[in-house]
Amino acid sequence: MPGRLPRVLRGKLLPPAMAIVFSALLCTVALLISAGSPGTALAAMVSQVGKGTTAVDILNSATIYYLIGVAVAIGFKMNLFNIGVEGQYRIGAVTGAIVGGATNLPPVLEPLLVILSAVAAGALYAALPAILKVTRGVSEVITTIMLNAVSIGILALLINEKTFGVLVNNNIATKPIPQSGWIPGVSFGSHGTLFGFVVVAIAVGIAYWVMLNRSRFGFELRASGESPTAAMAGGVNAKRMIVVAMLLSGATAGLTALPELLGRDHVYTQLSPQGYGFTGIAVALLGRNNPGGIAFGALLWAFLDQSAVSLDNVGVPKEIVTIMQGAIVLSVVVSYEVIRRFELAAEQRRVGAQLGTATVAAAGGAS
Amino acid sequence: MDDTSAPPAVVLTGITKRFPGVVANHDIRLTVLAGEVHALCGENGAGKSTLMKILYGMQQPDEGTIEVDGKPVRFRSPSDAIRAGIGMVHQHFMLADNLTVLENVVLGAEALHGIGGRARARIAELAGRTGLSVDPDVLVERLGVADRQRVEILKVLYRGARTVILDEPTAVLVPQEVDELFATLRSMRDQGFTFLFISHKLDEVRAIADRVTVIRRGTTVGTTDPTTVTSRQLAEMMVGSELPSPQVKHTDVTTRTVLAVTGLRLCAAGDSSRPLLDDIDLAVHAGEIMGIAGVEGNGQTELVETIMGIRRADSGTVRLTGSGGATRDLTGLGTLRRREAGIGYVPEDRHRHGLLLTQSLWFNRILGFQTRKPVARGRWLDVPGARDDTSRIVAQFDVRTPGIDVPAAALSGGNQQKFIVGRELSGDPALLIASHPTRGVDVGAQAMIWEQIKQARADGLAVLLVSADLDELIGLSDTIKVMLRGRLVADADPATVTTEELGCAMTGTGAGGGGS
């Protein structure tokens, strides 16, 4: 009989491993159909990591994906589907950019102010669906999806010459954040510059772990996700949990665009990168809402995104990466469920065998 | 059809079904004659639903045989059962609201008569023959509950069922609709259809059934003719009448009131005319076990959940005197505050309300105690403290488990329940509320749990015990109150009352005693 630790690890590592193998098979099929060679494509992608700024770019992307992945995972932990992280992070970013452009505090204080205002804006934007859900029972999936669309309009309203926009290089953007607000990166010379914000992402990961595993709030979050009825009987206030989890999720989402804003762009425009929210959902699924798993998912996703350029060189359409990403998410969801059921049944058999119990009893009292 | 010469529609012989650590069904014997309405009676958790799942092919028995129309069969899935002419109408309807009646009936059985004119003709013919008339083109979402039930029955008939299992069909109906349903069932029975009617409402069983089989603690107790037995006798068969282990009667009930409930009233959501609980007054003293007797569904669940703060009372007060002697008004507090004030709660459904099934035992130890020592310190969990205290419960309450890291779901029902009782007796409670504490557990665990409840009383706790098992109630309680239609209608002294008298008061028949 295997020991305790290996069994735990098997339960945690087997699903993603199975998923990757399965999605590799799917991609191989897709590559063979599109007349490419799977071996060449993979070799090109792996060797791309060593070229130019790719390695640093992967870490930079992963930082962003990690923050948004954690934001999604906080909701997922209690079966709250915050699809609205997309809108929340963009509202957070534009608020941070506007506040940063309008103030000029000394270093440390200025970026702190930007971070706090982005976090507050993200949380506030997530408060709307939370309030609708607890007072009116409106599904958060619907409201957050609609608020994503609304956020595009809010962005257009805020980044406008009549409001907070200024014309920079033929492009309307927010007023630049003064240099005291920048977060310097770590330069690797010709290999690029790592966002200084990676430290914040790591801190968020640690805080998320501590919150989940050591705090009363994390306990109530996990209990609500596992069984709302048992949580209620155990005294967990479901409505309060929904509001707090949603606010935390939105607050974390508010951090997402800050690595770029404070470390590279210093302004926010309507053309600033978007779509991170949907990546975040995939990364959270891939990482099973686990702090370490999300980091792995974010790195894998960033690797696939950043190495895709190399595929054109070997004559493989780089869209194959999108197929890979889709296949991975699909297989993770399926394999996790399959293994969870298998493990539970195995555990029951094991406990039964270990105790030698018995299938006797029970019906005895009847006669 | 001539009933007497036809082979029985269904014969179950020696059916046994085991789940890890628990026997859900044990040596079930059931014979359903062709062309009869056969009722299957038993309390919740007695094993009715497992048995029906076996008969409908959703689960396979570990032992025993099934015969349909005289031929032995093995069902691997519900489609096998349907092919053999057995259909099931679930308690919770399985209809698509946004499809029409016709579409719902045909859905999944398109191969039989297509989806067009032939299907329509077949449905019209069935409806004409059975009196189950519903407009085939109306959307199901526009139908009332009774009509939906007709559609469900039509669905199984359309698939060729001659034997129909009805799972608690009257639970959702108002009395006139029940009468209509029964009229339909009688006329269909006369045309040769066979019904297996699952219920714990004894009056209805006596009104419709030709024969009734009682199931208790996973096994069939006997089959009888409902016209010759009284509801009371049936109730006795359902809950058992032999007394549990000899009792040492305690007389150390104190005069110190721990739980005082006054004027409690609870209405169904959005309907203030139909109270689920009305005018409930009760006082449980330190060192006292107060039993609440009643046929299931008469407000016991609501009473417990209202005292726990899971449901909000419309009026009335709940006061608790903690072990420190201070009295607190709990009326406006939430569940967590009430637990902190000193209430331990053993819920009636341990899977839905008592445990986080995939989480470890020590994680489950925290549930309900997340603000208290030794499992929490302020806003933070005390994991070593929770683990240590879980080990204490496992040892002290004889929870059979290989360790405290196994998921709760891996334990047998009896061991899960022992763990819950141990947890709820932690943290120095003043009051223990136990709902059906030994339902669905093996006899060993049952004795252990009884012992612990008696020990809690000896330690000066007040205990509110809700149970459908009259022997348990009489054996453990110091006072018994009877609940009927949301009210406390009678008091009984467990030292002198008989199960027969209790059954009488529970069903509201005869002179069961004065109001409280």
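# Packing in a two-chain model

Q: Which residues does B:Asp478 touch, not counting residues up to four places away in sequence?
A: The model is a predicted one. Leaving out residues up to four places away in sequence, B:Asp478 touches B:Val253, B:Glu288, B:Ile289, B:Met290 and B:Pro494.

Q: In the loop between which two elements of chain B does B:Asp478 lie?
A: One flank is a helix, residues 470–476. The other is a strand, residues 479–484. The loop that holds B:Asp478 is thus between helix 17 and strand 21 of chain B.

Q: Is B:Asp478 buried or exposed?
A: A residue needs 20 or more other C-beta atoms within 10 Å to be buried. B:Asp478 has 22. Therefore B:Asp478 is buried.

Q: What separates the C-alpha atoms of B:Asp478 and B:Val463?
A: Along the chain, B:Asp478 and B:Val463 are 15 residues apart. In space, their C-alpha atoms are separated by 9.8 Å.

Q: How are helix 5 and helix 6 of chain B oriented to each other?
A: Helix 5 of chain B covers residues 117–130, and helix 6 of chain B covers 145–158. Their axes are 10 Å apart, at an angle of about 115 degrees. Angles from 65 to 115 degrees count as roughly perpendicular. Helix 5 and helix 6 of chain B are therefore roughly perpendicular.

Q: How many residues in the contact of helix 5 of chain B with helix 6 of chain B are nonpolar?
A: Helix 5 of chain B brings B:Arg122, B:Ile123, B:Leu126, B:Ala127 and B:Thr130, which meet B:Leu154, B:Leu157 and B:Tyr158 of helix 6 of chain B. Of these contact residues, 1 is polar, 1 is charged, and the nonpolar count is 6.

Q: How are helix 5 and helix 6 of chain A oriented to each other?
A: Helix 5 of chain A spans residues 109–136. Its axis is 9 Å from that of helix 6 of chain A, and the packing angle is about 150 degrees. Angles over 145 degrees count as roughly antiparallel. Helix 5 and helix 6 of chain A are therefore roughly antiparallel.

Q: In a crossing of which hand does helix 4 of chain A pass helix 6 of chain A?
A: The axes of helix 4 (residues 85–102) and helix 6 (residues 140–158) of chain A come within 8 Å and cross at roughly 20 degrees. That makes helix 4 of chain A roughly parallel to helix 6 of chain A. The crossing is left-handed.

Q: How many nonpolar residues are in the contact of helix 4 of chain A with helix 6 of chain A?
A: Helix 4 of chain A takes part with residues including A:Ile91, A:Val94 and A:Ile98. Among the residues met in helix 6 of chain A are A:Leu147, A:Ile154 and A:Leu158. The contact has 3 polar and 2 charged residues, and its nonpolar count is 8.

Q: Which elements of chain B help cover the buried residues of helix 8 of chain A?
A: Helix 8 of chain A, residues 216–226, has buried residues A:Phe219, A:Glu220, A:Leu221, A:Ala223 and A:Ser224. Their cover includes helix 9 and helix 10 of chain A. From chain B, it includes helix 13 and strand 18.

Q: How far apart do the C-alpha centres of domain 1 and domain 2 of chain B lie?
A: Domain 1 of chain B runs over 10–239, and domain 2 of chain B over 257–507. Their C-alpha centres lie apart by 34 Å.

Terms used: Residues are numbered from 1 along each chain as its sequence is written. Chains are lettered from A and ligands numbered from 1 in the order in which they are written. This is a predicted model: local features need pLDDT of at least 70, side-chain atom pairs count only at pLDDT 80 or more; totals for chains, interfaces and linings use all residues. Axes are lines fitted to C-alpha atoms, for helices over the stretch in contact, and angles run from 0 to 180 degrees between N-to-C directions. Helices (H or I, at least four residues) and strands (E, at least two) are DSSP runs, numbered from the N terminus. Angles under 35 degrees count as roughly parallel, over 145 as roughly antiparallel, 65 to 115 as roughly perpendicular and the rest as oblique. A crossing is left-handed if the near helix is turned anticlockwise from the far one by less than a right angle, and right-handed if clockwise. Two residues are in contact if their C-beta atoms, placed from the backbone, lie within 7 Å. Ala, Val, Leu, Ile, Met, Phe, Trp, Tyr, Cys and Pro count as nonpolar, Asp, Glu, Lys and Arg as charged, and the others, Gly among them, as polar. Domain bounds come from an automatic or database domain assignment. A residue is buried if 20 or more other C-beta atoms lie within 10 Å of its own, exposed if 12 or fewer, and partly exposed in between; C-beta atoms are placed from the backbone.
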